[in-house]
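This report describes a protein model part by part, beginning with the surroundings of its ligands. Please keep the sequence and the structure in view while reading.

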Amino acid sequence: MSKIIKVLKLGSGIGQREPHQKRRRALVAGGAGFLGSHLCERLLRDGYDVVALDNFHTGKRYNLNTLLRDPRFTCIEHDIVDPLPAGLEVDEIYNLACPASPRHYQADPIHTFKTSVLGSLNLLELARRSNAKIFQASTSEIYGDPLVHPQPESYFGNVNTHGPRSCYDEGKRSAETLFFDYSRTYGLDIRVARIFNTYGRRMQPDDGRVVSNFIVQALRGEDLTVYGSGLQTRSFCYADDLIEGFIRLMNAPHAPAHPVNLGNPGEFTIMELATLVVGYTNSRSKIVHRPLPIDDPRQRKPDISFARDNLGWEPRINLAQGLAHTVDYFDTLLYGSRMITGA
Ligand code: NAD
Ligand code: UDP
C-alpha cells in the first residue's frame, strides 16, 4: 500500500506523535529530490522517523521506492508555499525544498522566489511552534559572480537583483535573512549551509546541470555542450560527502553564528570537466560550445576552513571517484547495464 499521502484537506493531524513514541522525528522538505532523498535515507539509518514534504516539481516518486518500504518513513505531497498540514510535530526540520538547476528554477521564477521566502517562513513558524531545530539548504549562489576567490563565509557576494538567476539567488539570500531574524527574535536553533555544486546518484538525466548533462551526452554519444569558453570554474562535491556535512552541522553542539560553506574545494574549469567525462565514459562525443547564459558566475571555490576546524568535516571523494560512481549510475539508469569506467 502506498504511503504517499496527498493532503487534500488541512487539519488531518498527519505527523502527530503517538503518546508512547520516543524516537526523534525529522521533517525533510524537498525529500523526494536528489539531495533530499539521500538525506532521508541517512536519517532513517541514524534512527529517526522521517516525514518528507514535497510537491514533486523536480522530485520523483521513484527516488522514494526504498524509503517507502520503511514503516518509519512517510511522504506528504505538499507545496511549502502553502500553509503546512495542521498537527505536524517534529524535532528537527531540514529545508531542501527548491528547484536547484537553473533550467528548473527559471521555468517559474515567481514560484521559485515564493518557495524560498514563503516556504521558509512556513517552516520557520513550524519550528517555532514545535521548538524544533531547523536547517536551511542555502547556496554558493549567495556569492553571485564572486569578486573574492575562494569564497569565505564572510564575503557578502556580488549578485544581480534583476536577472534570470535572481529568483534563486535573491530568494536564498532572503531566506538566510529570515533564518537569522528568527534566531535573533525567537531564539530558534538554526543551521544554515551554503552548498556548492553537488552531484551524484539520483540526479535526473534532464536535470540540466553540468555534470548530469555531460555524462548523459557522453553515454548517448551526443556532443558535450560547453557554455561559453568553458574557462569558468566550479568546485564539485559528491552527494555522500555533502550529506555527512549536513548531519555534522545539524548535530554540532552549538549553532554557528553564521552560514557555513559546504563543498569540495577542488576547482575545475568546465572544459576540464568535459574532458574528464569523455575519458571516463570512453565516449566518442565531441565537445562543442554554446552561448554562455546571462550572469553565469566566472569562478567558484569554497573556503571550507570553518567546517574543517569546527565540524571536523571535509570531502573524502575526489572528482575522479565521484564521476566514476555517477557514470555507473547513469549508465544503469539509461541502459540497464554497468560499464567499466576509467576511474
Ligand atoms: P532537486 O531539484 O533535486 O530537489 C529539490 C526538491 O524540492 C524536489 O524534490 C522538488 O520537487 C522539491 N520542491 C521544490 N519546490 C518545492 C515546493 N515549493 N514545495 C515542496 N517541495 C518543493 O535539487 P537538489 O539538488 O536536491 O537541491 C536540494 C536543495 O539544496 C535545494 O534547496 C537547493 O537550492 C540546495 N542546493 C543544491 C545544490 C546542488 O548542487 N545540488 C547546490 C546549492 C544548493
Ligand atoms: N554548463 C555547461 N554546459 C551544460 C550545463 C552547464 O557548460 O550543459 C556550465 C554553466 O554555464 C556553468 C557551469 O557549467 O558555467 C555549471 O552549471 P550548472 O547549471 O551545473 O550550475 P551553476 O551554474 O548553478 O553553478
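In the shell around ligand 2, the strand β9 gives the most, with 3 residues. The model is a predicted one, and what follows describes that model.

**The surroundings of the two ligands**

β9, which runs over residues 224-227, is joined by helix α5, residues 210-220, in supplying at least two residues each to the shell around ligand 2. This shell has 13 residues, of which Arg209, Val210, Asn213, Thr225 and Tyr227 come nearest to the ligand.

Around ligand 1 there are 29 residues, and the ones that come nearest are Gly30, Gly33, Leu35, Thr58 and Gly59. Two or more residues of this shell come from each of the elements α1 (34-45), β3 (49-54), α3 and β6, and among the elements α1 gives the most, with 3 residues. The table sets out the classes of residue in both shells.

| Shell | Nonpolar | Polar | Charged |
|---|---|---|---|
| Ligand 1 | 15 residues | 12 residues | 2 residues |
| Ligand 2 | 6 residues | 4 residues | 3 residues |

**Helix α3**

Helix α3, which gives residues to the shell around ligand 1, covers residues 109-130 and so has 22 residues, for which a span of 32 Å is expected at 1.5 Å a residue; its end C-alpha atoms are 31 Å apart, and the two values therefore agree. There is nevertheless a kink of about 30° in α3, and this kink is centred on Thr115.

Thr115 is also one of the buried residues of α3, a list that further includes Thr112, Phe113, Ser116, Gly119, Ser120 and Asn122, together with Leu123, Leu124, Leu126 and Ala127. The elements that cover these buried residues include the strands β2 (25-29), β5 (92-95) and β6 (133-139), as well as the helices α2 (102-105) and α4 (166-186). After α3 comes Asn131, a residue whose phi is positive, near 55°.

**The nonpolar core**

In soluble globular proteins, nonpolar side chains tend to be buried together. In this model the largest nonpolar core has 84 residues, and Val28 and Ile93 are those with the most contacts inside it. The largest share of this core comes from α5, with 7 residues.

Which residues does Ile93 touch, if those up to four places away in sequence are not counted? Ile93 touches Leu27, Leu123, Leu126, Ala127, Ala132, Ile134 and Phe135. Of these, Leu123, Leu126 and Ala127 are among the buried residues of α3.

**Backbone details in the loops**

Where does the residue Pro150 lie? Pro150 is in the loop between β6 and α4, and the peptide bond that leads to Pro150 from His149 is cis, with omega near -10°.

Two further loops hold residues with a positive phi. In the loop between β3 and β4 (73-77) lies Phe56, which has a positive phi of about 60° although it is not a glycine. Phe56 counts as partly exposed because it has 16 C-beta neighbours inside 10 Å, whereas a buried residue would need 20 or more and an exposed one 12 or fewer.

Asn282 belongs to the loop between α7 (270-280) and β14 (287-290), and although Asn282 is not a glycine, its phi is positive at about 50°. Is Asn282 buried, partly exposed or exposed? Asn282 has 13 C-beta neighbours inside 10 Å, and it therefore counts as partly exposed.

How values were computed
Residues numbered from 1 in each chain as written. Chains lettered and ligands numbered in written order. Predicted model: local features only at pLDDT ≥ 70, side-chain atom pairs only at ≥ 80, totals over all residues. Near = placed C-beta within 6 Å. Helix = DSSP H or I, 4+ residues; strand = E, 2+ residues; numbered from the N terminus. Nonpolar A, V, L, I, M, F, W, Y, C, P; charged D, E, K, R; others polar. Expected span 1.5 Å × (residues − 1). Bend = angle between axes of the 7 residues up to and from the residue. Contact = placed C-beta atoms within 7 Å. Core = buried A, V, L, I, M, F, W, Y, C linked by C-beta atoms within 7 Å.
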